[in-house]
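Please examine the sequence and the structure shown below. The report that follows describes how the chains are arranged and how charged side chains are paired.

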Protein chains: 2
Amino acid sequence: MATKRDDRKHVAVVVYPGLTMLELIGTISALDGLGTKTGFRTVTVGERREPLESDTPMRFIPQSTYDETPHPFAVLVPGSGGLRAITAMGDEKLLAYVRAAAEGAELVASVGSGALILAAAGLLAGRRATTHWAYRRVLENLGATYVQRRWVEDDRFITAGGASGGIDMALHLVGNDTGRRSARQVQLWIEYDPQPPFGAIDRQREDADNALASTLAGRHAEVERALAHRPDLLAAVEKALSPAPPNGIRL
Amino acid sequence: MATKRDDRKHVAVVVYPGLTMLELIGTISALDGLGTKTGFRTVTVGERREPLESDTPMRFIPQSTYDETPHPFAVLVPGSGGLRAITAMGDEKLLAYVRAAAEGAELVASVGSGALILAAAGLLAGRRATTHWAYRRVLENLGATYVQRRWVEDDRFITAGGASGGIDMALHLVGNDTGRRSARQVQLWIEYDPQPPFGAIDRQREDADNALASTLAGRHAEVERALAHRPDLLAAVEKALSPAPPNGIRL
């Protein structure tokens, strides 16, 4: 069952300032298999090999740079929250790397709001995709069809919901690659046996539509500055921030 | 619902070389609440403020040192795998900090094999507790009563199973502290809505009894070296590594 280290498929995990550590760590822990061995090997890839802020108080250092990892087997973009996701959408160097690496990759993946980065890079237009619930409308404004599922596959593109969505997707990918037994070994080893004490998420449409607006309240100038050079992306975000129409009717 | 930053209860998250990042990040993400605000504020505490290895290729830097965080509201110890957990059990400075901080703490918690560190510090003798399944027998050999549950409370001691067990436990603690509604907001914000693609873990007794032995195979000299100064702990580990008796009968 073990795969030789050199044979493992490289997954370039694209990292940037302020990303959601749980989405990064959950996904790479399941893909790499840790105590077990999977067919994948993740490598975090950033603009520079310098400490980056995250959504936790922890800083971390990318293992490689864009230049060092030009042709990965797969590209995976974890998400971030609030203004961080918007800023990442406006980072042209990040988008250029994602676009170039995705071109030759057999698999292009995201977790949470990472889907917005794929969409901003022009990779999800006309595709079915998912994202963290708070970013649903932005994703749709960028030309994708939002599907409310833990992960959504469309050709070689696979997008997952937030946090645990990345773990679920990673187990699915390991299962596809080396079989269900291997995926279950990974799951057992990382002891991913969730039992949320207050039950499953009872997602409310209204919460979802207002969440992004409330996290970005009072930061309009920063949103505009982050996307000033990309009026198309700015329009997609601003449209999502405008009040949702009543009765679930979409504009 | 918001709690002022200064009013938040400090949780000293004890970090050490090689710990399991998913257990660290999952638990602190849920305790801190990130997009929401909870009544807790986590602070990673290590021996020195220097980069530490983890079970992933990522290194991280503790936010504070043992000396700087002597009297936290709560102490929380995440787990690690294989030899890392054994080495941490033999780290007398780590144990001394955990013991001293636990003495005045209102809450003493662990995730995964972090329970072995609490037990090695003498804090779980005679208590009901849980741990990552691979360490069940070691925990029992250290005098605790193992309970197979996502988390187990015994007085002010709360121990969780591996990985997602830390998130489940953290949501439970947030629910106890500021109410069910607050815990559900955290869960929604971190989008913890797990749907493992291959179902729940079907834990097998035999796997559990052999897993630790197989990860430590050929590393006996290192285990002995790590615990040479603590024959009591070494005996507890070695007893767990000996072949399990058939038919689930315990020695």
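Is A:Arg59 buried, partly exposed or exposed? At 39% relative accessibility, A:Arg59 counts as partly exposed, because that class lies between the limits of 20% for buried and 50% for exposed residues. This value, like the others in this report, is computed from a predicted model.

**Salt bridges within the chains**

Side chains of opposite charge can pair when their charged atoms come close. A:Arg59 offers an example, since its side chain meets that of A:Glu53 in a salt bridge, with 3.5 Å from N to O. The partner, A:Glu53, has a relative accessible area of 38% and is likewise partly exposed.

A further salt bridge joins A:Glu50 to A:Arg48, where the closest N and O atoms are 3.4 Å apart. A:Glu50 is partly exposed, at 43% relative accessibility, and A:Arg48 is partly exposed as well, at 46%. Both residues belong to a network of salt bridges that links A:Glu47, A:Arg48, A:Glu50 and A:Lys93.

In chain B, a salt bridge is formed by B:Glu50 and B:Arg48, with 3.5 Å between the closest N and O atoms. B:Glu50 has a relative accessible area of 44% and is partly exposed; B:Arg48, at 46%, is also partly exposed. Over all chains, the structure holds 24 salt bridges. The table lists some of them.

| Acidic residue | Basic residue | N to O distance |
|---|---|---|
| A:Glu50 | A:Arg48 | 3.4 Å |
| A:Glu53 | A:Arg59 | 3.5 Å |
| B:Glu50 | B:Arg48 | 3.5 Å |
| B:Glu191 | A:Arg150 | 3.4 Å |

**Relation between the two chains**

Two copies of a chain are related by a rotation about an axis and a shift along it. Here, a turn of 180 degrees and a shift of 0.0 Å along the axis lay chain B on chain A with an RMSD of 0.0 Å. That is the relation of a two-fold axis. The same surface serves both copies, as 100% of the contact residues of chain B recur in chain A. Within chain B, the residue that comes closest to the rotation axis is B:Phe60, whose C-alpha lies at 2.8 Å.

**The contact between chain B and chain A**

How many residues does each chain bring to the contact? Chain B contributes 54 residues, and chain A contributes 54 residues. Between them, an area of about 5,100 Å² is buried, and carbon and sulfur atoms give 67% of it. Of the area that chain B buries against chain A, 16% is supplied by B:Trp189, B:Glu191 and B:Phe198, more than by any other three residues.

B:Glu191 also takes part in a salt bridge across the contact, its side chain meeting that of A:Arg150 at 3.4 Å, N to O. Two salt bridges are counted between chain B and chain A. The count of residue pairs in polar contact between these chains is 22.

Several helices of chain B each supply at least two residues of the side that touches chain A: α1 (21-32), α6 (164-178), α7 (180-189) and α8 (205-215). Of these, α1(B) gives the most to that side, with seven residues. By residue class, the side of chain B that touches chain A divides into 27 nonpolar, 16 polar and eleven charged residues.

Notes. Residues are numbered from 1 along each chain as its sequence is written. Chains are lettered from A and ligands numbered from 1 in the order in which they are written. This is a predicted model: local features need pLDDT of at least 70, side-chain atom pairs count only at pLDDT 80 or more; totals for chains, interfaces and linings use all residues. Side-chain values use heavy atoms; hydrogens and water are left out. Copies are superposed by least squares on the C-alpha atoms of residues with pLDDT of at least 70 in both. Contact means heavy atoms within 4.5 Å. A salt bridge is a side-chain nitrogen of Lys or Arg within 4 Å of a carboxyl oxygen of Asp or Glu. Buried means under 20% relative accessible area, exposed over 50%, partly exposed in between (1.4 Å probe, protein chains only). Buried area is the accessible area (1.4 Å probe) that two parts lose on being put together, summed over both. A polar contact is a pair of N or O atoms within 3.5 Å; within protein, one must be able to donate a hydrogen and the other to accept it, and residues adjacent in sequence count only if both atoms are side-chain atoms. Helices (H or I, at least four residues) and strands (E, at least two) are DSSP runs, numbered from the N terminus. Ala, Val, Leu, Ile, Met, Phe, Trp, Tyr, Cys and Pro count as nonpolar, Asp, Glu, Lys and Arg as charged, and the others, Gly among them, as polar.
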